[in-house]
Amino acid sequence: MRLHKRMILGLAAGTLAFALSACSSQGNNQTETPQAASEASETDPSQEAVSSEEGIAETTAGLVQGTDHDGIWSYLGVPYAEAKERFVPAEEVEPWEGVLVADSYGPMSPQGVINGVGGEADQSGTDNNCQNLNIWTPGVNDGEKRPVMVWLHGGGFSTGSANEAQFDGENMSRDGDVVVVGVNHRLNTFGFLDLSAYGDKYQDSANVGMMDIVDALQWIQDNIEAFGGNPENVTIFGQSGGGAKVLALMTSPYAEGLFEKGIVQSGATATMGPVFNSQEASTRLAEHILERLEIDPQNIEEIQTVPVEELQAAASEALSETGEELQIPAALGGGYSMDWQQLK
């Protein structure tokens with residue numbers, strides 16, 4: 001079931017229970033760089049469904065071919081949803097014919113910067129349509145019910161991806177006999193800009209980044225058995241901003257029943273994780289961004305075609321301005337600044 005309602009995340013004292021863990025895994029020296037979806041995968045209509053020994057799994061959208069790494073199958077860039085426009089909920093994936101060869105990373109979200117940390121955002125290999133998964137499993141179509149570990153990467157809701165070499169799940173899958181899933185989803189302006197004041201089309205815009213993750217969890221419920229996983233034994237885990245995402249999902253009614261356990265690895269600061277952005281702050285931030293882009297609210301659709309770098313630059317300035325205006329303590333470093341995260 002797709003989400004087409006505003007995600008309202010409430011945080012009530014005493015409702016959270018989480019475990020702290022120091023889970024980690026080493027990469028397998030893969031050096032692939034994120035590619036656009038059309039380059040990352042290809043289909044072979046002539047290939048028929050074959051045995052599990054050849055690593056073909058059936059999903060709700062079509063057949064997927066994996067790669068065998070000494071007994072661990074990897075499936076990279078598997079689409080779980082499709083974002084056709086900015087700032088709106090993703091849609092179901094269009095089914096494909098033949099076999100999708102999932103041997104290269106898919107696109108990641110356009111990148112932002114974290115206020116108080118610095119650095120520059122590299123937009124290579126990014127796309128608003130970044131709803132894809134990386135999966136590692138010891139067995140395909142083998143009837144096993146392995147635990148499923150869903151990794152939510154860090155980066156303060158602004159940067160990062162599931163494609164980083166340190167997040168390769170091969171060793172964890174092998175050592176723990178588990179199915180490891182890394183989730184790519186929209187971040188920063190693309191995942192959390194509140195444009196709800198500018199029409200019904202954008203009523204969900206402030207939370208589409210979290211809605212992407214919920215869509216990924218629903219995909220796992222519908223498909224993970226084919227990859228040797230147990231949909232009734234799903235653990236979400238994340239570090240830093242990823243831990244804050246775990247906290248958010250633990251309080252969301254839309255994620256209810258989609259996972260059983262949550263592991264938070266240093267995932268909370270005073271203004272990120274335990275609390276969410278207020279409506280006042282989210283509304284004011286959008287106003288400041290539109291002002292910098294010189295977009296009249298009556299012409300809100302112009303924001304769909306603003307170049308990524310220009311949009312991100314305007315957002316970075318507006319985050320600082322809004323934080324100073326509303327006296328919002330920065331999540332990292334000193335002073336005042338608003339940070340990207342979900343709207344309560």
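**Core and salt bridges: a short tour**

Guide: Welcome! In this predicted model, the largest nonpolar core has 72 residues, and V150 and L249 touch the most other members. Helix α4 (residues 208-223) gives the most to this core, with seven residues.

Visitor: Which residues does V150 touch?

Guide: Leaving out residues up to four places away in sequence, V150 touches V181, V183, L217, I220, V234, T235, I236 and F237. There is also a second, separate core of twelve residues, including I72 and W136.

Visitor: What makes E225 and K145 a salt bridge?

Guide: Their closest N and O atoms are 2.7 Å apart. The cut-off is within 4 Å, so the pair counts as a salt bridge. E225 sits in the loop between α4 and β10 and K145 in the loop between β7 and β8, 80 residues apart.

Visitor: Why is R146 called buried?

Guide: R146 has a relative accessible area of 8%. Buried means under 20%, so R146 is buried. R146, in strand β8, forms a salt bridge with D177 at 2.9 Å between the closest N and O atoms.

Visitor: And why is D177 called partly exposed?

Guide: D177 has a relative accessible area of 41%. That value lies between the cut-offs of 20% and 50%, so D177 is partly exposed.

Visitor: How do you know that E91 and K84 meet in a salt bridge?

Guide: The N to O distance is 3.5 Å, and the limit is 4 Å, so the pair qualifies. K84, E91 and E94 are linked in a network of salt bridges. A search of the whole structure finds 13 salt bridges.

Conventions. Residues are numbered from 1 along each chain as its sequence is written. This is a predicted model: local features need pLDDT of at least 70, side-chain atom pairs count only at pLDDT 80 or more; totals for chains, interfaces and linings use all residues. Side-chain values use heavy atoms; hydrogens and water are left out. A nonpolar core is a set of buried Ala, Val, Leu, Ile, Met, Phe, Trp, Tyr and Cys residues joined through side-chain atoms within 4.5 Å. Buried means under 20% relative accessible area, exposed over 50%, partly exposed in between (1.4 Å probe, protein chains only). Helices (H or I, at least four residues) and strands (E, at least two) are DSSP runs, numbered from the N terminus. Contact means heavy atoms within 4.5 Å. A salt bridge is a side-chain nitrogen of Lys or Arg within 4 Å of a carboxyl oxygen of Asp or Glu.
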